[in-house]
Amino acid sequence: SFLQDDEEDISSFALSPDDEILVTGSRALLLKQWNWRENKCVRTWKAVHVAPVASMAFDSTSTLLATGGCDSTIKIWDMIKQYCTHNLKGSSGVVHLVEFHPDISRLQLFSSSIDYKIRIWDLNSSKCVAMLDGHFSAVTSLAFADGNTLVSSGRDKICMVWDLKTRKSRRTIPVYESVEAAVLLPEKGDFSQLGVKKQGLHFVTAGSKGILKVWEVATAACVYTQPVPFESKEEASERSLTQCMLVPERNEIVTVSVEHNIVIYDAQTLQLRKQLAGYNDEVLDVKFLGPGDSHIVVATNSPQLKVFELATSHCQILYGHTETILALDVFRKGLMFVSCAKDKSLRVWRMNKDGRVICVAQGLGHAHGVGAVSCSRLKESFVVTSSQDCTIKIWNIPESLTSKAKAALISSPETLHARVTERGHDKDINSVAVSPNDKLVATGSQDRLAKLWSCSDCSLLGVFTGHKRGIWCVQFSPVDQILATSSADGTLKLWGLRDFSCLKTFEGHDASVLKIIFVSRGTQLLSSGSDGLLKLWTIKTNECVKTLDGHEDKIWGLHANKQDDMVVTASSDSCITLWKDVTEIEEKEVQAKQEEQILKEQELSNLLHEKRYLRALGLAISLDRPHTVLMVVKAILKETDGRKHLEENIVRLRKDQKEAVLTFLVTWNTNSRNCHEAQAVIETLLKHEAPDSLLQYAGIKSAVESLLPYTERHFQRLSRLLQASMFIDFMWQNMRLADASRQEDVAL
């Protein structure tokens, strides 16, 4: 579900224990109740707080809601009767934590504010009956073990166990990290894999180190530490955890990190079940991955790679690089790919049958960050990299990495060594590409030049000169001996590989063209610009046939799948977009509509021939052809008792068909040739439809306004014709009398 509050930023929210009610609080001092299954806001009311709501929580019955505000007050709301039942005052500063006691018969509320104390409120008397003082920093979570035991966690790197009978601290457990959440493990269940060997209270902590730990209350000892693929840091980092909760029904523990990644673990083993990536930051590159292009690998503005499964959105986060990853490329089979980063290294990754990705090799040798990479096309045999040190390097891939059997035995990444190193340009090399036959390498640089190299010894074969600004991307055509380049001058160029001449120039972008790829089996080019636009070009005609506006910032990533029917783009606006080629689908739909149209027209002709006017009218209306409907009406009127037959057929039409006819006759009535048919239909509708029924017709007002002036004009014309007819008749009678008089005079 996606819920959008148009009023203001959401400051807090709470979901009821029965999963029916979701309430959000905004900075506009409003509370909203949502039907989250239908994505609808069902109720809005004022929070009464004079400052934004900082925290909220439901009681165990889902009937009471507590809201803690930045105004130092707490308010209790009856969600059934819809009114405020309590206004609790006495907290110091922002109330950032509220929790009801799970035993509703006690009617107790627990809260904490910036004075680091835990207050216990008696809802019968609306008074604070106790304060639990022990933390020296913000209290982040409260967990009730039973009716009389409370576990609290804080950013002071300790967790405390409280006896609610005596309201004293029973034990203080140092956890050596800032804790954001403490979750109690259920008493029932097998948690032996988490170090739980005996009965007693155990809880899981999540905090600044980004690691889940299991603690035993009786001994104040950590009995299990979650293994992670990264080095733990003492201070807060992007891997730090901000939230943690237990989902008993699914036997899962869910965590949220600073990077907004949602990670779901098995509660009994802490094995990863699913991971959903949140905010991507600036996306620098993206590629399809997997034998059936079932995944995408994404390089964001971080040292970690993200591999998304397209069907489920499950995400793997790959650790290895120490600085921002700049570029990616995938081998032909889709199981191996290469990444390069600012840490001057490249890494080779391999996907197993189960979809898990591991690093199998790494290479060091560049003097500066590695900004571009390209893989061999025929076999998984070599990789070409280029760097800000103006050099290109060719790295051989050992057979041990390409063989599935041998790759499965790799325990640590192998070290790669560059086979060839060549200084290629005078400025940063932005792009490198390998030809489809693995014999040529092309590079594009900020020095406005593209160069062609031999893959065997990295010898220079030719230079492509013509761009007015730096070149961002180079690509070989999959079907011709052509190289495509894109530049900061806003143009794309096609070059011949034999004579290095410019064959075509494509102009249309108003900003730098960052990436290009060949699509439609090499007959079209797709380009992406720094203005967030995609353009599709037909090579034969030099024409831009489509402009796609799907991003708001620079599009750095652009890649097509093996089937050549889907494209993925990635941008600095943090968005990754999948585009599907629907050309064939649309052509088939158009063809099917044309065939259906021909069949209906033939059927209409047969109906008119057979004088089955009612079905002919209905079919002509469904075809949305006013002239055809008019022809049917004229055919009916030509019959004996045509008016009567017309009335019978019009009356038997459905309401939507009558509305369509009403729309058509407005057009007919504008022409004096067709006004008689239009007036005949109008007469039928007015005769057989009640005024109230006519008023319910769609577009009746505009139809009447259009009919009136032309109808008046037609009647005026008929009146003039009648007067002229009478005058002609009078003159004719007079002429006959005069002629008779002359004949009598002649006779005399």
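## Helix 3

Let's start with helix 3, which in this predicted model is 27 residues long. From its first C-alpha to its last, helix 3 reaches 39 Å, close to the 39 Å expected at 1.5 Å a residue. The helix takes in residues 583-609.

What follows helix 3? That would be Lys-611, and its phi is positive, near 60 degrees.

## Leu-607

Now for one residue of that helix: Leu-607 lies in helix 3. Is Leu-607 buried or exposed? With a relative accessible area of 4%, Leu-607 counts as buried, because the cut-off for buried is under 20%.

Who are its partners? If you set aside the neighbours within four places in sequence, Leu-607 is in contact with Arg-612, Arg-615, Ala-616 and Leu-619. Then there's Leu-617, which sits ten residues from Leu-607 in sequence. In space, the two are 9.4 Å apart, C-alpha to C-alpha.

## A four-stranded sheet

Elsewhere in the numbering, four strands make up an open sheet. Their order is 17-18-19-20, and the pairing is antiparallel. At the edges you'll find strand 17 (179-184) and strand 20 (221-225), each pairing on one side only. Going from one strand to the next, the twist averages 30 degrees.

## Strands 19 and 20

Let's zoom in on one pair. How many bridges join strand 19 to strand 20? There are four, and the two strands run antiparallel. Strand 19 covers residues 213-216. For a pair of residues to look for, try Trp-215, which stands opposite Cys-222 in strand 20.

Conventions:
Residues numbered from 1 in each chain as written. Predicted model: local features only at pLDDT ≥ 70, side-chain atom pairs only at ≥ 80, totals over all residues. Heavy atoms only, no water. Buried < 20%, exposed > 50% of the residue type's maximum accessible area, 1.4 Å probe, protein only. Contact = heavy atoms within 4.5 Å. Expected span 1.5 Å × (residues − 1). Pairing = 2+ DSSP bridges. Axes fitted to C-alpha atoms, helices over the stretch in contact; angles between N-to-C directions.
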